[in-house]
Amino acid sequence: VCVVNTCSVTDAADHKDRQAINQLHRKYPNAIIIVTGCYAQLQPEQVSKIQGVDYVLGQEEKYSITQLVDELCDSLEAQKIRVGKIREVEEFHGVHSGDDRTRCFIKVQDGCNYFCTYCTIPYARGKSRNPKIEEVVKDAQEALQQGAKELIITGVNIGDFGRSTGESFIELLRALDELGDEAIRREARGMDYRVRISSCEPNLLTDEIIDFVAQSRHFAPHFHIPLQSGSNEVLRIMKRRYTRELFAERVQHIRQVMPHAFIGVDCMVGVRGETEEYWQDYLNFVHGLDVSQLHVFTYSERANTRMLEMDLYVV
């Protein structure tokens, strides 16, 4: 049995998914191939028609895959596509990785309620939801006991943490800065630990969070903030929840309290409605940012997004 857990954030991701499935089918022609993840959730019929695919499972269905495997393998009449309505899912499935020698990724949030015009993630991952802080702390403590030295907290929109539990992202950060007593640190081979925040929306990365990271005992001075466009007009087209002025304020505040902090920035180019004037405005703004790294990527048209309603497309 081969299980392919797919991504679908861009056209390129879909293409790589299909490549992986085709390669598996060629290498293991007699294997049962089960495809799940975002691509399966968004385009189940399309995925089911790829040569070699036996079963397609949605995002929520994949968490029952160990129970389903025997049924799928034993029954020739098993339903090929099992994809539920992900926007109706309330349950959060936590996980932490153990593949690296010293780093551990801890999932603290899933789903998104933002519905930016270019993005399919809300349809692929469902509504914003999260576990309780005490559950994240338990995962983090287990990771330290297993030898992790760096904990990376991740999710689809981690700054939205607390929506389903009535807690807040800053409360989570404070709890992770005080993970345990001396006994826990001794069990973690007697060494200290570090916590790193993954990508966080600028409107959710508050001054309170920035100030906390600056004075915390364990948080790395590391920020990755999606800008997507330096033009306010394009940000409005994208239905982003901030202006470039707010973004610049966040960067400036980080530099004031942590001059040597790493600041990574996501930049999207070539979206519908991006005129030459808007593009030059975007460039001028980015050149004025005091950041460490730009992650630049081209706009990828996704089916069923509101961006497709735009008439103008200028690269």
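Q: Let's count Ala, Val, Leu, Ile, Met, Phe, Trp, Tyr, Cys and Pro as nonpolar, Asp, Glu, Lys and Arg as charged, and the others, Gly among them, as polar. How do the residues lining the second largest cavity divide?

A: They come out as 4 nonpolar, 3 polar and 1 charged. Keep in mind that this is a predicted model, where local features need pLDDT of at least 70, side-chain atom pairs count only at pLDDT 80 or more, and totals for chains, interfaces and linings use all residues. Residues are numbered from 1 along each chain as its sequence is written, and side-chain values use heavy atoms, with hydrogens and water left out.

Q: Which residues line that second largest cavity?

A: Phe115, Cys116, Thr117, Cys119, Tyr123, Asn304, Thr305 and Arg306. On a 1 Å grid over the protein atoms alone, a cavity is a set of points where a 1.4 Å probe fits but cannot get out, a pocket is an open set with protein on both sides within 12 Å along at least five of seven lines, and lining residues have an atom within 4 Å of a point.

Q: What volume does the second largest cavity have?

A: About 40 Å³. A volume here is the space filled by probe spheres set on the grid points, which are joined across faces, edges and corners.

Q: And how much space lies in the largest cavity?

A: About 60 Å³. The structure holds 2 cavities of 30 Å³ or more.

Q: What's the lining of the largest cavity like by class?

A: There are 7 charged residues, 3 nonpolar and 2 polar. Among the residues in that lining are Glu60, Lys62, Glu91, Lys107, Asp110, Arg125 and Arg129, along with Tyr63 and His93.

Q: OK, pockets. How much space lies in the largest one?

A: About 1100 Å³. It has 43 lining residues, and the closest to its centre are Val9, Cys119, Ile121, Val156 and Gln228.

Q: Which element gives the largest share of that lining?

A: Helix 5, with 4 residues. Helices (H or I, at least four residues) and strands (E, at least two) are DSSP runs, numbered from the N terminus. The elements giving two or more residues also include strand 1, helix 2 (38–42) and strand 8 (222–228). By class, the pocket lining has 20 nonpolar, 17 polar and 6 charged residues.

Q: Switching to the sheet: what order do its 4 strands have?

A: The order is 1-2-3-4, in an open sheet with parallel pairing. Strand 1 (2–6) and strand 4 (81–82) are at the edges with a single partner strand each, so one side of each has no neighbour in the sheet.

Q: How many bridges join strand 1 to strand 2?

A: 5 bridges, with the two strands running parallel. Two strands count as paired if DSSP finds at least two bridges between them. Thr6 stands opposite Gly37 in strand 2. Strand 3 (residues 53–57) pairs with strand 4 over 2 bridges, and Val56 has Ile81 as its bridge partner in strand 4.

Q: Is strand 2 covered on one face or both?

A: Both: Ile33, Val35 and Gly37 are buried on one side, Ile34 and Thr36 on the other. Buried means under 20% relative accessible area, exposed over 50%, and partly exposed in between (1.4 Å probe, protein chains only).

Q: What about Ile65, buried or exposed?

A: Buried, at a relative accessible area of 17%. Ile65 lies in helix 4 (residues 65–74). Leaving aside neighbours within four places in sequence, Ile65 is in contact (heavy atoms within 4.5 Å) with Val3, Ile34 and Leu57. Ile65 and Ile34 are 31 residues apart in sequence and 9.2 Å apart in space, C-alpha to C-alpha.

Q: Back to Phe115 for a sec. What's its phi?

A: Near 55 degrees, a positive value in a residue other than glycine. Phe115 lies in the loop between strand 5 (103–107) and helix 5 and is partly exposed at 25% relative accessibility. Lys239, also not a glycine, has a positive phi of about 60 degrees. Lys239 is in the loop between helix 10 and helix 11, partly exposed at 45% relative accessibility.

Q: Which residues of helix 11 are buried?

A: Arg244, Phe247, Arg250, Val251, His253, Ile254 and Arg255. The buried residues of helix 11 pack against several elements, including helix 9 (207–215) and helix 12 (276–287).
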